[in-house]
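Got a minute to walk through a fold together? Have a look at the model below, and then we'll go through it by question and answer.

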Amino acid sequence: MNRYNIDPRQEAIRQMAADFAKKYIEPVSKELDHREDPDRFAMDLYKQLGKAGFIGINMPKELGGGGRSNLEYITLIEELCYHDAAACLLCAVGELATYPIIYFGSEEQKKKYVPKCASGEIIPAFVLTEPSAGSDAANQQTTAVLDGDHYVVNGEKIFIMHGDVADLFVLFLRLKDSATEDPGVKAAHKVTALIVEARQNGQLVPGIRVKTLKKKMGMRAATTGRIWFENLRVPKENLLYEAGKGFRIAMNTLDGARIGVAAQGVGIAQRALDESIAYAKKRICFGSPIGKFQAIQWMIADMSCRIEAARLLTYKAAQMQDAGEKFSLECAQAKLYATETANFCVDRAMQIHGGYGYIGEFSVIEKLYRDQRVMEIYEGTSEIQRLVIAGNIMK
Ligand SMILES: Cc1cc2nc3c(=O)[nH]c(=O)nc-3n(C[C@H](O)[C@H](O)[C@H](O)COP(=O)(O)OP(=O)(O)OC[C@H]3O[C@@H](n4cnc5c(N)ncnc54)[C@H](O)[C@@H]3O)c2cc1C
């Protein structure tokens with residue numbers, strides 16, 4: 001791959017990810033793509049990602065992480081995604097769901113949970129979206145009421161990555177107390193985050209039910225779940241940071257995670273381009289490789305320009321995050337542009353491959369097409385990214 005200004009540490013991580021993908025991901029990629037059964041969650045692969053140090057790569061060393069930069073983390077994500085976006089997502093979700101504890105947890109909470117998340121020993125999930133609160137994330141209907149030393153939680157969540165298999169939830173909800181029930185309080189200021197130990201000895205604790213969502217278009221190595229809470233009791237000390245600060249925790253987490261999704265977009269787009277170049281050189285039509293036709297060359301040229309631009313936006317956002325600068329605008333720009341670039345590139349790749357792109361047994365393009373599509377939806381849709389960008393540059 002042709003990358004501008006990639007430093008030796010990034011290159012070493014990229015190579016490590018490529019070696020890992022060849023050894024552990026490629027042999028199981030097809031089989032995992034056709035899985036639906038939660039008992040067959042890609043547990044072995046998840047554990048291997050943890051063992052390789054990938055899930056915790058940018059988590060603090062003192063908490064069992066690799067202490068690497070966010071730029072190095074997104075280099076890893078880009079390369080894993082190049083090989084298999086769904087397998088990459090296993091790793092990315094582990095990071096997403098642990099981030100709120102690292103940055104907002106008490107010392108005790110960090111020590112208790114982060115090392116186990118970093119190593120892959122336990123599976124965490126980031127539990128924000130509800131049937132009526134997706135883009136409008138502040139509109140939380142799941143509630144918690146304080147009863148003695150416990151919060152009592154009721155409600156429903158949907159589209160939660162690993163929600164059906166996770167051991168630990170970072171759960172966002174609406175706290176019901178005298179302060180937050182005041183009609184003058186904004187919805188966002190009612191959102192509160194709790195850490196929920198969802199399983200004991202592998203079994204769900206009383207008050208939690210889960211279901212695996214079936215017929216998912218792509219990203220099938222990683223499961224997606226629906227969760228119900230019925231009078232779940234959560235110890236008071238599992239409050240994450242402060243009551244009423246959950247929306248800030250969620251948005252702050254999503255800012256960082258959006259750079260990761262941008263890197264997923266770059267990785268899958270690059271794969272689409274490389275597959276297209278190889279195919280254009282070997283497919284003969286009218287006595288000539290199709291790559292000799294200008295129509296095909298133009299598609300390849302357009303793909304390459306967009307990928308380079310998407311990569312630069314993505315690296316820039318990660319560098320700003322590493323430098324401690326404000327990066328809400330840049331992560332939205334990177335996520336929007338890189339995921340739409342991925343869409344553009346997998347679509348062009350399918351066109352270049354003709355019928356051999358549409359049928360999965362002939363090429364990987366059909367899988368790239370299915371895996372890519374959700375990147376423009378999760379962690380904030382493209383429309384929400386445009387709102388964030390316009391809001392930032394027009395204020
Ligand atoms: C596979 C998958 C994995 C996911 N993983 C997780 C997870 O781990 N944790 C989690 O909490 N959530 C997760 N999500 C949820 C995801 O973040 C939401 O689906 C997403 O935020 C969109 O919410 P929604 O589906 O309710 O769509 P809606 O919010 O109902 O949006 C529908 C359409 O309206 C548009 N729209 C909404 N508001 C506006 C507006 N103000 N201006 C313009 N357009 C607007 C949207 O862009 C979209 O096109 C996942 C989703 C999927 C599909």
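Two residues are in contact here if their C-beta atoms, placed from the backbone, lie within 7 Å. Keep in mind that this is a predicted model.

Q: What percentage of the contacts in the protein with a separation of 6 or more comes from residues 24 or more positions apart?
A: Start with the contacts whose separation is 6 or more. Within that set, the share from residues 24 or more positions apart is 74%.

Q: Why does the radius of gyration agree with a compact globule?
A: The C-alpha trace spans about 80 × 50 × 40 Å along its principal axes. For 395 residues, a compact globule would have a radius of gyration near 21 Å. The protein agrees with that because its own value is 21 Å.

Q: Is C88 buried or exposed?
A: The cut-off for a buried residue is 20 or more other C-beta atoms within 10 Å. C88 has 31 of them, so it counts as buried.

Q: Which residues is C88 in contact with, leaving aside its neighbours within four places in sequence?
A: C88 sits in helix α5, residues 85-104. Its C-alpha atom is 8.9 Å from that of A222, 134 residues along the chain. Leaving aside neighbours within four places, the contacts of C88 are I77, L80, C81 and Q264.

Q: Which element supplies the largest share of the side of domain 1 that touches domain 3?
A: The protein is divided into domain 1 (8-119), domain 2 (124-243) and domain 3 (248-394). Between domain 1 and domain 3, 20 residues of the former are in contact with 22 of the latter. On the domain 1 side, α4 (70-83) and α5 each supply at least two residues. The largest share, ten residues, comes from α5.

Q: How many residues on the side of domain 1 that touches domain 3 are nonpolar?
A: Set apart the two polar and four charged residues on that side. The nonpolar residues there number 14.

Q: Which elements give two or more residues to the shell around the ligand?
A: There are 20 residues around the ligand, and L128, G134, S135, T381 and E383 come nearest. The elements that give two or more residues to this shell are β1 (124-127), β3 (150-161) and α12 (382-394).

Q: How many residues in the shell around the ligand are charged?
A: Domain 2 and domain 3 each give at least three residues to the shell. By class, twelve of the shell residues are nonpolar and six are polar. The charged ones number two.

Notes
Residues are numbered from 1 along each chain as its sequence is written. This is a predicted model: local features need pLDDT of at least 70, side-chain atom pairs count only at pLDDT 80 or more; totals for chains, interfaces and linings use all residues. Helices (H or I, at least four residues) and strands (E, at least two) are DSSP runs, numbered from the N terminus. A residue is buried if 20 or more other C-beta atoms lie within 10 Å of its own, exposed if 12 or fewer, and partly exposed in between; C-beta atoms are placed from the backbone. A residue is near a molecule or strand if its C-beta atom, placed from the backbone, lies within 6 Å of it. Ala, Val, Leu, Ile, Met, Phe, Trp, Tyr, Cys and Pro count as nonpolar, Asp, Glu, Lys and Arg as charged, and the others, Gly among them, as polar. Domain bounds come from an automatic or database domain assignment. The radius of gyration is taken over C-alpha atoms; the globule rule is 2.2 Å times the number of residues to the power 0.38.
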